Amino acid sequence: MKALVKYAPGNGNLDILDMPEPSCGDDQVKVEVAFCGVCGTDIHVMHDTFRNYPPVILGHEFSGTVVETGRNVKDAKTGERVAVLGATAVTCGQCEYCRSGYFIFCRNRRGMGHGVNGAFTRYVTVRPDQLYRVPEGFSLAEASISEPFAAVVQAVTELTPVRIGETALVSGPGPIGLLAVKLLVAEGIKTIVAGAPGDGERLDAAKRFGAAAIINVGERNLAEAVREETGGAGADVAFECAGHPGSVRGCLEALRPMGRYTQIAICGRDIEFPIDLLFYKQLRLQGSITYTAKTWDRVMKIYAQGRIRLDDLISVKLPITEWREGFDLCMDKKALKVLMHPV
């Protein structure tokens, strides 16, 4: 089968190769991939700035259909439409983090698409507990966005206190930021979205998704603009989704005293920021990395309720053989979400 493979360490070293089709073990489920989203992590793996173990098939945001089950598998059936939690491909299952549900901190963890083979191909094999059944009426294309959506659901609904009547700032209108906008708007939160000069189309999308205001930081000072939009008060909560030093500083400056700040994006480098603002404003600063299995349960319930759809986030669908175009669209900010499918 054709697959997008990181075939050797180093910058680049990515190509479409013929890989053996995986066999389904007694305790496994075989899934035919429908769609797999291009993620910033994939681009980091390409540039060798995210830990990876070549040769490895890329891709971890995916959905598909169960086509085979091992003889010991009781709770999965062929034909089921599923989204797959790839981050738990390898865990020890015994450490305090695995036992408490925070598997992301397991020292032995390896995720699909960088630690073990992922889904930029036709078939994958996984454990049954990695499967989440997609509700009727929700497309497999939308379901392939479950992984980044779960990360946002944890940040916005599980870790950060934000209530109707408050104002939230989302800085960085990429896919993660726009997913945060969708969730905040669905919860009735007044949401301000900030982006850089090259984010025009993404800021327009934020407005379509229900943002109360959009701010181009190339034209307006972020903190001043937020104060104008909040009657001088500042934002109650800020979600940093850009991973840029200027965005971090802008969010801290835009928060009101006793505001809350949640870091969702990876900066990927050491940065300087005005730490005294934490003291003088008595801010609450925290990070949110990925999700738990319970978060994925919540995601499927959100889908089933029908208040949030993700199809308008999908800009283009490409075969994996056109991966260069898909990666370029993401890096050049010319698309919201790029999905790829097997050939």
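Let me start with strand E9, where Thr 167, Leu 169 and Ser 171 point one way while Ala 168 and Val 170 point the other way, and all of them are buried. That pattern is what one expects in general, since in a regular strand the side chains alternate between the two faces of the sheet. Please keep in mind throughout that this is a predicted model. In E9, 5 of the 5 residues are buried, so the strand is largely enclosed by the rest of the structure.

What does E9 pair with? Strand E9 is joined to E10 by 5 bridges, and these two strands run parallel; within that pairing, Leu 169 stands opposite Ile 192 in E10. On its other side, as the strand order shows, E9 sits beside E12, for the open sheet has 6 strands in the order E11-E10-E9-E12-E13-E14, with parallel pairing. At the edges of this sheet stand strand E11, residues 213-216, and strand E14, residues 284-287, each with a single partner strand, so one side of each is left without a neighbour in the sheet. Ignoring direction, neighbouring strands here are turned by 20° against each other on average.

Moving out to the E11 edge, strand E10, residues 190-195, pairs with E11 in the parallel sense over 4 bridges, and there Gly 195 has Asn 216 in E11 as its bridge partner. Helix H6 packs on the sheet and touches both E10 and E11, its direction making about 170° with that of E11. Helix H8 also packs on the sheet, where it touches E9, E12 and E13, and its direction makes about 145° with that of E13.

H8 brings me to its helical partner, H7. In general, two packed helices are described by the angle between their axes and the distance between the axes. For H7, residues 222-229, and H8, residues 245-254, the axes come within 8 Å and cross at roughly 35°, and H7 passes H8 in a right-handed crossing. Which residues make this contact? From H7 they are Leu 222, Ala 223, Val 226 and Arg 227, and these meet Gly 250, Cys 251, Glu 253 and Ala 254 in H8. Sorted by class, the contact has 5 nonpolar, 1 polar and 2 charged residues. Helix H7 also holds Glu 228, and, with the exposed class beginning over 50%, Glu 228 counts as exposed because its relative accessibility is 58%. To place Glu 228 against a residue elsewhere in the chain, Glu 228 and Arg 133 are 95 residues apart in sequence and 44 Å apart in space, C-alpha to C-alpha.

A lysine makes a useful contrast in setting. Is Lys 182, which is found in helix H5, residues 175-186, buried or exposed? Its relative accessible area is 11%, and because buried means under 20%, Lys 182 is buried. Leaving aside its neighbours within four places in sequence, Lys 182 is in contact with Phe 209, Ile 308, Arg 309, Leu 310, Asp 312 and Leu 313.

Now to another sheet, an open one of 3 strands in the order E2-E1-E4, with antiparallel pairing. Its edge strands are E2 and E4, the latter being residues 56-57, and each pairs on one side only. E1 and E4 run antiparallel and are joined by 2 bridges, with Val 5 standing opposite Ile 57 in E4. In the loop between E1 and E2 we find Gly 10, which, not counting residues up to four places away in sequence, touches Met 46 and Asp 48. Gly 10 and Lys 317 are 307 residues apart in sequence and 28 Å apart in space, C-alpha to C-alpha.

Finally, helix H11 lies across E1 and E2, running at about 150° to E2. In H11, which covers residues 323-331, Trp 323, Gly 326, Phe 327, Leu 329 and Cys 330 are buried. Seen down the axis of H11, these buried residues fall within an arc of 160°, so they line one face of the helix. They pack against strands E1, E2, E15 and E16 and against helices H1 and H6, and H6 is the helix that we met packing on the parallel sheet. Just after H11, Lys 333 takes a positive phi of about 55°.

Note on methods:
Residues are numbered from 1 along each chain as its sequence is written. This is a predicted model: local features need pLDDT of at least 70, side-chain atom pairs count only at pLDDT 80 or more; totals for chains, interfaces and linings use all residues. Side-chain values use heavy atoms; hydrogens and water are left out. Buried means under 20% relative accessible area, exposed over 50%, partly exposed in between (1.4 Å probe, protein chains only). The arc is that of the directions from the helix axis to the C-beta atoms. Contact means heavy atoms within 4.5 Å. Two strands pair if DSSP finds at least two bridges between them. Axes are lines fitted to C-alpha atoms, for helices over the stretch in contact, and angles run from 0 to 180 degrees between N-to-C directions. A crossing is left-handed if the near helix is turned anticlockwise from the far one by less than a right angle, and right-handed if clockwise. Ala, Val, Leu, Ile, Met, Phe, Trp, Tyr, Cys and Pro count as nonpolar, Asp, Glu, Lys and Arg as charged, and the others, Gly among them, as polar.
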